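Student: Could you take me slowly through one part of this structure, the places where its chains meet, and then tell me about the chains that do the meeting? I would like to follow the reasoning as well as the results.

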Amino acid sequence: MDYSLVVAIELLREVAGLILIATGLAVIFGMMRVINIAHGEFMMLGGYTVVLTTKWGVNIWVAILILAPLVVGVFGILVERLIIRHLYGRIIDSLLATWGLSLFLIGFVTVAFGNTVEGVSTPFSSFSVGRYSIAIYTLFLIFAAIAFITSVYLTLRYTKSGLIARATMQNPDMVESLGINSKLVYMATFGIGAAFAGLAGGLLAPISGVVPGMGALLIGKAFITVVTGGAAVVAGTLSASAILGSVSQAVTFATGPVFGDATLLFVALILLRLLPQGITGRIFTRSV
Amino acid sequence: MSEPALLATSGLTMRFGGVVAVDQVDFAVKAGELRCLIGPNGAGKSTFFKCLTGQLRPTAGSVVFADQELRGATTHEIVRKGIGIKTQVPNLFDGLPARENIALSALQNHSKKRSEEITDQMLELIAITALANRDVGHLAHGERQLVELAMVLAGQPRLVLLDEPAAGMTAEERGRLANVLRELAGDMSLIVVEHDMQFIRDIATEITVLHRGRVFLEGDVAEIMAHREVQEIYLGKEANGAA
Amino acid sequence: MLRAISKDWLGAGFVTVIGLAILFFVPVLFDLFEVLQMTKYVVLALFVLSLAYIWGFGGILSFGQAGFFGLGGYAFAVSSINMGQTTVPFLIAIAVAALFAAALGYFMFYGRLSDVYLGVVTLVVTLILWKLINHTAGPEYVIGTARLGGFNGIPSIPIMTLPWQPDQEMEPSHMFQYFMAILIGVYVLLHILIKSKFGRIAISIRENEVRTGLLGYDVRLYKLAIFTIGGAIGGAAGAMWATYQTFVDPNIFSLEWSALCLIWVMAGGVGTLFGPMVGVLALEYLSFQLGQTDFINNLIIMGVILIFLVLLLPKGLFPTFRDFVTKHWNRRHE
């Protein structure tokens with residue numbers, strides 16, 4: 001009984017983690033058809049923001065929930081202005097450019113802060129279930145992921161900017177003819193996607209610590225989730241996170257962490273073989 | 001007169017969600033026949049065409065070509081069985097000269113040397129030898145249509161499907177195309193999806209009218225042109241008692 | 001037409017002659033350290049050919065070419081340690097990488113993944129290989145007598161021998177010549193392949209995939225074949241890298257290697273074989289020089305170069321230079 005509770009929580013944590021790391025990527029992909037390869041490094045920047053600002057005495061919640069998304073969001077807008085803007089309509093080139101950005105950021109942070117793991121102390125303690133102990137922060141993370149994806153959904157569904165965003169996802173060419181400045185939409189999109197990455201990096205920092213190369217550990221899962229989910233941000237991320245997260249966590253429990261990721265990829269490949277446009281390309285075509 | 005059909009569909013149906021774009025179409029073309037497929041916008045012509053070419057997989061029904069079932073086959077498999085496809089928007093290798101475009105098609109079944117010979121024949125047949133060495137990306141729309149036709153013919157098909165081949169052509173090019181199509185009929189079967197009634201008058205012998213996804217009428221040019229309900233459909237009025 | 005083709009063969013012949021000259025004269029003219037350094041460039045040139053071919057002549061942009069490089073390296077390491085010889089392991093390395101490419105390619109091309117998805121899937125596959133092999137540190141991960149060693153890598157990989165002299169480890173200068181001969185051979189074979197019927201259809205797929213399918217060619221099969229050839233070449237390069245270093249570790253699978261390979265091809269120009277090889281030489285030399293300083297590291301340089309190439313020189317250095325020269329040449333001769 002205790003064990004199954006632990007398993008369930010771990011499963012939820014994995015799904016929550018996927019939702020957090022993939023949503024920012026999904027927003028940018030859904031709106032702009034750009035896969036931001038530097039997404040992992042955006043998360044890394046969010047993590048470093050938390051580590052540095054808490055060292056300077058900033059309250060940890062302020063650092064995680066406000067500063068990390070803010071700093072990375074502003075950085076994202078900067079990147080959009082300097083690089084991405086010149087590459088609209090050149091999808092592959094934008095992939096390559098963001099990859100260049102990813103290499104640059106890893107290199108830069110390594111030079112600036114060294115190639116070692118920096119930690120933040122985990123807020124909250126843990127409680128025990130029978131023989132097992134569970135960190136309260138884990139529960140908080142699950143809660144945060146639910147709150148996060150719900151607010152993204154509500155924003156897309158019920159606000160004016162959400163409507164513009166949904167229209168852009170359905171038909172990018174229409175937006176301009178509706179009298180909306182698509183350049184502004186894209187800039188905001190990239191900034192918001194980056195802010196989501198910053199938030200995810202900040203939330204994960206207390207668990208895993210931060211290191212310049214941490215992006216590579218997170219990005220693979222984020223990519224798989226988005227590609228498997230397809231173009232719809234909320235439905236795609238949710239369905240793909242749920243399927244892939246449970247499968248990989250189940251395999252991890254059965255065989256250890258080595259094959260968890262490999263299974264994740266394998267399941268994703270099979271899904272893509274069956275549904276080349278991702279889950280939402282075929283099944284939930286009208287969803288957001 | 002029970003000559004077997006080269007291509008025949010039976011009960012061919014294509015549904016998109018709740019919309020039935022092609023509704024139980026029975027359609028047959030004999031060897032050497034030139035058939036026009038007409039109908040107003042939204043009649044299901046393009047969808048029907050795509051069901052034949054393998055670009056869409058029909059929801060139900062069958063397509064039989066030379067005694068082989070085509071439903072479920074991929075486009076390249078269908079082409080290899082002897083069906084040439086000329087798409088609506090000219091679809092060419094823009095960076096390559098016309099000659100190489102055409103040769104690529106012949107290469108499918110022939111050696112390099114033989115392909116060059118076939119290419120020369122096709123250039124002459126369509127009377128575009130003057131364009132042979134120009135990059136097709138720089139050609140006018142009508143010229144591109146003709147190059148694509150030569151390309152399709154270089155694959156030596158038994159049946160050619162043409163989707164609005166005269167679109168964007170000058171009157172002179174149209175005349176040339178009509179002549180070519182009439183000459184080709186007999187050696188091979190042709191199905192021409194067309195919108196332009198004048199062009200159809202120039203080429204057609206037999207016509208099938210599609211309306212609302214169904215075969216509305218079949219007959220020769222004079223019959224169809226004289227038919228009151230067909231005229232009404234084309235003028236956009238409701239055809240009462242269509243059945 | 002005819003003139004264009006003969007000019008093309010002339011170019012390839014010219015490159016081959018330069019290659020042969022390098023093969024014969026480098027070991028005579030340079031000292032041991034320099035020959036070793038140049039052997040590295042030769043291996044990396046072969047690695048870059050794998051991507052230059054599939055991207056430039058098949059339109060397949062792989063973001064995970066390091067996957068094949070790494071598989072080749074590990075397959076060679078494991079099998080040569082087990083077998084006590086190197087010729088068969090070299091072939092095994094090529095076969096393993098090619099089979100992996102074929103399996104992955106089947107999923108991607110028969111699943112009709114679009115370009116973006118293709119890039120992402122190849123990248124993720126390499127990431128997973130990197131993670132998997134990193135986790136194999138424990139003593140239970142053994143293949144025959146070779147421990148995989150996880151993040152510690154596999155040390156003491158045998159030095160390659162010539163196939164006809166299996167008892168004699170190659171001297172550095174001989175290794176340089178052997179590898180150079182392989183590079184020239186692969187270059188010539190790829191050139192013949194590109195000029196063949198297969199190559200023409202591959203290029204037509206790059207130019208217009210839909211139309212090629214409409215002409216009755218099985219686009220998926222062609223792409224699969226091209227991708228597999230690229231995997232085989234990448235695997236060969238990986239095996240050569242492993243024996244050159246006498247060591248491999250999981251970082252051979254890292255994103256950096258895939259990115260480097262892309263950067264070399266882009267710098268040299270997509271759509272040529274010669275350009276990317278020059279790209280390797282130029283950029284490796286550059287990063288070797290810049291790498292001497294503390295405040296700037298390799299990743300920063302590569303990142304900046306990649307962004308710069310995408311934004312300002314999308315055609316690559318070599319074709320830009322070539323177009324510039326031919327333009328001026330033509331102007332002078334008009």
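**Where the chains meet**

Tutor: B:Arg212 counts as partly exposed, because it has 17 C-beta neighbours inside 10 Å, and with that residue we can begin, keeping in mind that this is a predicted model. B:Arg212 sits in the loop between β9 (206–211) and β10 (214–220) of chain B, and its phi is near 50°, a positive value in a residue other than glycine. Chain C offers a residue to set beside it: C:Ser156 too has a phi near 50°, again a positive value in a residue other than glycine, and C:Ser156 is found in the loop between β2 (146–147) and α6 (172–195) of chain C. How does C:Ser156 count, as buried or exposed? It has 9 C-beta neighbours inside 10 Å, and therefore C:Ser156 counts as exposed.

Let us turn now to the contacts between chains. There are two pairs of chains in contact, and of these chains A and C share the most contacts. Chain A and chain B, on the other hand, do not touch, and their nearest C-alpha atoms are 11 Å apart.

The contact of chain A with chain C takes 33 residues from chain A and 34 residues from chain C. On the side of chain A that touches chain C, the elements that give two or more residues are α4 (91–113), α9 (214–229) and α11 (258–274) of chain A. Which of these gives the largest share? It is α4(A), with 16 residues. If we sort the side of chain A that touches chain C by class, we find 24 nonpolar, five polar and four charged residues.

Since α4(A) has that part in the contact, its geometry deserves a careful check. The helix has 23 residues, and at 1.5 Å a residue they should span 33 Å; the end C-alpha atoms of α4(A) are 33 Å apart, so the expected span and the distance in the model agree. Just after α4(A) comes A:Gly114, which takes a positive phi of about 85°.

The other contact joins chain C and chain B, where 15 residues of chain C are in contact with 17 residues of chain B. On the side of chain C that touches chain B, the elements that give two or more residues are α7 (197–207) and α8 (209–214) of chain C, and α7(C) gives the largest share, five residues. The residues of this side of chain C divide by class into six nonpolar, four polar and five charged.

With the contacts described, we can look at chain A by itself. Chain A has twelve helices and two strands, and along the sequence they follow the pattern α-α-α-α-β-β-α-α-α-α-α-α-α-α. Its radius of gyration is 19 Å, close to the 19 Å that the globule rule gives for 288 residues, and so chain A is as compact as a globular protein of that length. The C-alpha trace of chain A spans about 60 × 45 × 35 Å along its principal axes, and 51% of its 288 residues count as buried. Among contacts in chain A between residues at least 6 apart in sequence, 76% join residues at least 24 apart.

Within chain A we can also follow one pair of helices. Two packed helices are described by the angle between their axes and the distance between the axes. For helix α3 (residues 60–82) and helix α8 (residues 182–208) of chain A, the angle is about 145° and the axes are 6 Å apart, while the crossing of α3(A) with α8(A) is right-handed. The residues of this contact divide into 17 nonpolar, seven polar and two charged.

Chain C can be described in a similar order, beginning with its 13 helices and two strands. The radius of gyration of chain C is 20 Å, close to the 20 Å that the globule rule gives for 334 residues, so chain C is as compact as a globular protein of that length. Its C-alpha trace spans about 70 × 50 × 50 Å along the principal axes, and buried residues make up 50% of the 334 residues in chain C. One residue of chain C to look at is C:Val278, placed in helix α11 (residues 274–290) of chain C; because it has 20 C-beta neighbours inside 10 Å, C:Val278 counts as buried.

Conventions:
Residues numbered from 1 in each chain as written. Chains lettered and ligands numbered in written order. Predicted model: local features only at pLDDT ≥ 70, side-chain atom pairs only at ≥ 80, totals over all residues. Contact = placed C-beta atoms within 7 Å. Helix = DSSP H or I, 4+ residues; strand = E, 2+ residues; numbered from the N terminus. Nonpolar A, V, L, I, M, F, W, Y, C, P; charged D, E, K, R; others polar. Expected span 1.5 Å × (residues − 1). Axes fitted to C-alpha atoms, helices over the stretch in contact; angles between N-to-C directions. Left-handed = near helix turned anticlockwise from the far one by under 90°. Rg over C-alpha atoms; globule rule 2.2 N^0.38 Å. Buried ≥ 20, exposed ≤ 12 C-beta atoms within 10 Å, placed from the backbone.
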